Each structure stands twice: as structure tokens, then as C-alpha cells.
Amino acid sequence: MRKGNLLSAAGYARLLAPLTGELCIEIAGIGDPRASPADRDRHEGLLQEISAFRGHTYYADGQRPNFRRTDGGYADLQPYDRAAYHVMLRERASGALTAVVRLIPRDWAPAGHSAVEQMFGPGVADLITRRGLCDAAVLEGGRLAVAVSRQNYSIGPLVSLVGLAFAESIGRRMLWGLSGTKGRQDLLFARLGAHIHDEFLEPDPKYHDTMTVYSFDLAAVPPVLRPVYDRIQELLLAGPYPVPVGPST
């Protein structure tokens, strides 16, 4: 296991800058049993929008042709999208999606949902149990996508930070997931405070990458990140979209 070097306070401030300018946050709790019928109807449209956005991003100018539909559109609709929070960044002026990441509550999704356990086997869940955590304390991150036009910017780390701050705000204590290593996505997570469990490494031919496991301890946010989480949580409450609530654990 390893940790990376965190950014400076000024570095994190620069990351957050778009949230007070051109971008705003939307979070949808799709699959939340408390959702109203109106919310459920709206969520169907969101799922299609998210699927098309991710599919176009992952298509990568034909490098991954399986994300192109026969009608010329793009799709990445996953079965567990219906049991997850979807953290989105949108252009404030147009409403267009800029980035999205999925957070699956371990207590919402059916057994066998975990991409981490599918890749590394059930024994990897020791990372959860040895911290004494129950399913209601854990989220699994995944399906991070950033608009093709913004991939040279710091939008990936920004949407990840928003997801982390939201997860902490609803009482979750751990967020884990898979990370690629070829493009140094693992380094990105480490610089946001993740533990990288590189005792777990597995080639993934679908994405032409080698995958590892990351985890964030949301019960012990590093001091330099505390004001970052606080600021994001303020922006969530002040933003144009309603914010889902979660059970305290």
C-alpha cells in the first residue's frame, strides 16, 4: 500500500475555482428508495444522458468501438447505474455535462455488484472488514468520465473531490474502487488522499490497462483537505440542484 504527495492548499483552491465560475454540481440518488415518483421519472432521462456522455467519452475516437451504437450514437448503460449516486459537473450557462462519476452504496446494490470484488475476488473485501465497517458505511466509485474537450484540464480530480465531499456529508466512512495505472489515474487518486493498494494488480484487456484498488478513509480527512470538503459542501447546499440526503452511519 502507498500514499501520494498531497497538493498544497493553494493547489486545491485552484482545483475548486471552476465551481464558483463556469461549472455547477448536480447529484442524483438513482435507486434511492425514498425518491418520489417525479424524481424517478426524471432519473430515467438522466440515466440516458449519462450513458450517452460516458459512451462518447470512452469511445475515444474509435479506440474502444464497443461504446458506439449501431445507430451512430454512444452508450455505456450499466446495470448498477440504477442503484447509485451520480455526481455530475455541468456548464452553468448551458447545462451541458462536463464530468460524471458514479458512487454505488454498498447497502443499496445487490450482492455481486462490486467491480473491485469481481476483479480481485471476495478476499479484497478485507480492506473493508478490517476497518470494522458495515455495508452502510461504504461507497464504491467508478465510471469516471470527463468531456473530451476538457480532458487536458483538472476536471477529473475536481469531480472526484466533489464525490468525496458529498460522500462524507451523508455519513459514509469509506470510498473505494478500481483505478487504472497506465495513465497514472492511481496517482491522481493518491494526490486526493487515497491509499493505493498496489498489492492488488490485474491486467484489464477491455481498457488496455492494469488495474489496482484505491480507498479513501472519510473518517480521517487530511487537514489540508478539510477546508476543501467544507467549501464543496457549502456549494452543494447553495447550488441550483437539490442535494440527496443519506443515512448517518
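## A walk through the predicted model

Gly193 is buried, with a relative accessible area of 8%, which falls under the 20% that marks a buried residue. The model described here is a predicted one, and Gly193 is a convenient place to enter it. This glycine lies in the loop between helix H6, residues 185–190, and strand E7, residues 195–204. Although Gly193 and Gly4 are 189 residues apart in sequence, their C-alpha atoms are 7.2 Å apart in space. Once residues up to four places away in sequence are set aside, Gly193 touches Lys3, Leu6, Phe216 and Leu225.

One of those partners, Phe216, leads into the interior. The largest nonpolar core of the model has 42 residues, and Phe216 is listed with Leu19, Leu89, Leu161, Leu175 and Ile232 as having the most contacts inside it. Helix H5, which covers residues 155–169, gives the most to this core, with 9 residues. The contacts of Leu89 show how distant parts of the sequence come together: apart from neighbours within four places, Leu89 is in contact with Leu19, Leu23, Cys24 and Ile25, with Ala96, Leu97, Thr98 and Ala99, and with Ile155, Leu158, Val159 and Val162.

H5 itself deserves a closer look. Of its 15 residues, 14 are buried, so that the helix is mostly covered. At 1.5 Å a residue, a helix of 15 residues should span 21 Å, and the C-alpha atoms at the ends of H5 are indeed 21 Å apart, in agreement with that expectation. After the helix comes Gly171, whose phi is positive, near 85°.

Two other helices pack against H5. Two packed helices are described by the angle between their axes and the distance between the axes. For H5 and helix H7, residues 226–238, the axes come within 9 Å and cross at roughly 80°, which makes H5 roughly perpendicular to H7. On the H5 side the residues that meet H7 are Leu161, Val162, Leu164, Ala165, Phe166, Glu168 and Ser169, and on the H7 side they are Arg226, Val228, Tyr229, Ile232, Gln233 and Leu236. Leu161 and Ile232, both named in this pairing, are also listed with the most contacts inside the core. Helix H1, residues 9–16, packs with H5 at an angle of about 95°, with the axes 9 Å apart, and H1 and H5 are therefore roughly perpendicular to each other as well. Here Tyr12, Leu15 and Leu16 of H1 meet Pro157, Leu158 and Leu161 of H5.

Strand E8, residues 209–217, holds Ser215 and also Thr212. Ser215 is buried, with a relative accessible area of 0%, and its side chain makes a polar contact of 2.7 Å with the side chain of His197. Beyond residues up to four places away in sequence, Ser215 touches Arg131, Met174, Leu175, Trp176, Ala194, His195 and His197. Thr212 is likewise buried, at a relative accessible area of 0%, but the polar partner of its side chain is a backbone atom, the oxygen of Phe200, at 2.8 Å from a polar atom of the Thr212 side chain. With neighbours within four places left aside, the contacts of Thr212 include Phe120, Gly177, Leu178, Ser179, Thr181 and Asp186, and also Ile196, His197, Asp198, Phe200 and Leu201. His197 is thus in contact with Thr212 and with Ser215.

The last stop is helix H2. Its 23 residues should span 33 Å at 1.5 Å a residue, and its end C-alpha atoms are 33 Å apart, which agrees. Among its buried residues are His43, Leu46, Leu47, Ile50, Phe53, Arg54, Tyr58 and Tyr59. The buried residues of H2 pack against strands E2 (23–30), E3, E4 (97–105) and E5 (138–146).

Most residues other than glycine have a negative phi. Against that background, the end of H2 is worth inspecting. H2 is followed by Ala60, whose phi is positive, near 50°, although this residue is not a glycine. Ala60 sits in the loop between H2 (37–59) and strand E3 (84–91). Asp61, placed in the loop between H2 and E3, also has a positive phi, near 55°, and is again a residue other than glycine. With a relative accessibility of 78%, Asp61 counts as exposed, whereas Gly193, where this account began, is buried.

Methods. Residues numbered from 1 in each chain as written. Predicted model: local features only at pLDDT ≥ 70, side-chain atom pairs only at ≥ 80, totals over all residues. Heavy atoms only, no water. Core = buried A, V, L, I, M, F, W, Y, C linked by side-chain atoms within 4.5 Å. Buried < 20%, exposed > 50% of the residue type's maximum accessible area, 1.4 Å probe, protein only. Helix = DSSP H or I, 4+ residues; strand = E, 2+ residues; numbered from the N terminus. Contact = heavy atoms within 4.5 Å. Expected span 1.5 Å × (residues − 1). Polar contact = N/O pair within 3.5 Å; in protein donor to acceptor, adjacent residues only side chain to side chain. Axes fitted to C-alpha atoms, helices over the stretch in contact; angles between N-to-C directions. Parallel < 35°, antiparallel > 145°, perpendicular 65-115°, else oblique.
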